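Trainee: I would like to look closely at a single part of this model and then see how that part sits within the rest of the chain. Please take it slowly and keep to what can be read from the coordinates.

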Amino acid sequence: MAWSSPIADGPGWRIRFEEVRDRAEAETLKGVYLEAVVGPEAEPARGSYFWHEVIGTPVSSVDGTALGTVRDVYRSGGAEVFVVDGGDYGEFDVPAVRDFVRVLAPRRGEIVIDAEALDLKPPRRRGEGEPRPKAPRRRTRRPKPAATADGATEPPVDGAEPAADAAAAELNAAEPDTASAEA
């Protein structure tokens with residue numbers, strides 16, 4: 001590494017390597033993670049941890065309830081966020097700030113969070129809690145009679161006539177058709 005500088009407004013670094021001589025070669029490295037072997041002399045300050053030390057640490061609430069295990073860590077808004085999974089609460093994110101994290105000791109295998117401050121509630125299981133409301137009753141709608149070209153109405157396609165239309169049909173059948181008698 002020939003030169004490096006942190007990016008002022010976000011996570012990351014600008015790095016120049018001795019082996020990379022032009023921009024085309026540098027473009028091939030864009031978005032690639034740089035991993036380095038860290039010796040004991042590069043230990044973080046007290047109270048600071050590498051992400052790989054946090055991943056896999058069990059997480060519990062202040063009252064001792066097991067909530068899961070840290071599965072991943074990412075940075076958002078200048079702070080790290082722990083992705084916790086594997087407990088009764090499913091997967092959830094915990095911002096790594098003092099308001100939510102009460103004890104951060106991954107080397108000891110302990111992370112304690114304030115579940116109430118996160119408004120963390122266990123997922124409801126079917127059959128627990130309040131009974132489910134009944135679904136509203138469905139009303140069956142009768143299809144409206146279709147109008148023909150001469151303005152008369154035809155019975156619905158399924159053949160079921162409303163009661164009033166059935167009575168009118170009986171009356172028409174009882175009276176002789178005057179138009180056909182004159183013809």
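Trainee: In which sense do strand β5 and strand β6 pair, and over how many bridges?

Mentor: A word of caution comes before the answer, since this is a predicted model, and local features are read from it where pLDDT is at least 70. Strand β5, which covers residues 79-87, pairs with strand β6, covering residues 90-95, in the antiparallel sense, and the pairing runs over five bridges. The connection between β5 and β6 is a hairpin of two residues, and Gly87 has Gly90, in β6, as its bridge partner.

From the hairpin one can move to the nonpolar core, because β5 and β6 both contribute to it. The largest nonpolar core has 14 residues, and those with the most contacts inside it are Val70, Phe82, Ile111 and Ile113. At least two residues of this core come from each of β4 (66-76), β5, β6 and β8 (110-113), with β4 giving the largest share, namely three residues.

Val70 is a useful place to follow these contacts. Leaving out residues up to four places away in sequence, Val70 touches Phe82, Val83 and Val84, together with Ile111, and its list of partners also includes Val54, Ile55, Gly56, Thr57 and Val59. Thr69 is found in strand β4 and is buried, with a relative accessible area of 18%, a value that falls under the 20% limit for that class. Once neighbours within four places in sequence are set aside, Thr69 is in contact with Val83, Val84 and Asp85, and also with Gly56, Thr57, Pro58 and Val59.

Ile111 lies in strand β8 and is buried, its relative accessible area being 1%. Beyond residues up to four places away in sequence, Ile111 touches Val70 and Phe82, the residues Val101, Val103 and Leu104, and also Val54, Thr57, Pro58, Val59 and Ser60. One of these partners can be described by its backbone as well: the C-alpha atoms of Ile111 and Thr57 are separated by 6.9 Å, although the two residues are 54 residues apart along the chain.

The charged pairs give a further view of the surroundings, and the structure holds five salt bridges. One of them joins Arg107 to Glu53, with the closest N and O atoms 2.9 Å apart. Arg107 lies in the loop between β7 (101-105) and β8, whereas Glu53 belongs to helix α2 (residues 51-54), so the pair ties together parts that are 54 residues apart in sequence. Arg107 counts as exposed, at 52% relative accessibility. The side chains of Glu110 and Arg108 also meet in a salt bridge, at 2.6 Å from N to O; here Glu110 is partly exposed, with a relative accessible area of 28%, while Arg108 counts as exposed at 61% relative accessibility.

Another salt bridge belongs to a helix, where Arg23 pairs with Glu27 and the closest N and O atoms are 3.8 Å apart. Arg23 and Glu27 are four residues apart in helix α1 (residues 23-27), which means that about one helical turn separates them. Arg23 is exposed, with a relative accessible area of 66%, and Glu27 counts as partly exposed at 41% relative accessibility.

One backbone feature deserves a separate remark. Most residues other than glycine have a negative phi. Asp119, which is not a glycine, nevertheless has a positive phi of about 55°. Asp119 lies in the loop between β8 and β9 (146-147), and with a relative accessible area of 54% this residue is exposed.

Finally, the hairpin can be placed within the whole chain. The secondary structure of the protein chain comes to four helices and ten strands, and read along the sequence these follow the pattern β-β-α-α-β-β-β-β-β-β-β-β-α-α. Buried residues make up 15% of the 183 residues in the protein chain, and the accessible surface comes to about 15,300 Å², of which 50% belongs to carbon and sulfur atoms. Among contacts in the protein chain with a separation of 6 or more, 26% are between residues 24 or more positions apart.

Notes: Residues are numbered from 1 along each chain as its sequence is written. This is a predicted model: local features need pLDDT of at least 70, side-chain atom pairs count only at pLDDT 80 or more; totals for chains, interfaces and linings use all residues. Side-chain values use heavy atoms; hydrogens and water are left out. Two strands pair if DSSP finds at least two bridges between them. A nonpolar core is a set of buried Ala, Val, Leu, Ile, Met, Phe, Trp, Tyr and Cys residues joined through side-chain atoms within 4.5 Å. Buried means under 20% relative accessible area, exposed over 50%, partly exposed in between (1.4 Å probe, protein chains only). Contact means heavy atoms within 4.5 Å. Accessible areas come from the Shrake-Rupley method with a 1.4 Å probe; for residues, only the protein chains shown count as cover. A salt bridge is a side-chain nitrogen of Lys or Arg within 4 Å of a carboxyl oxygen of Asp or Glu.
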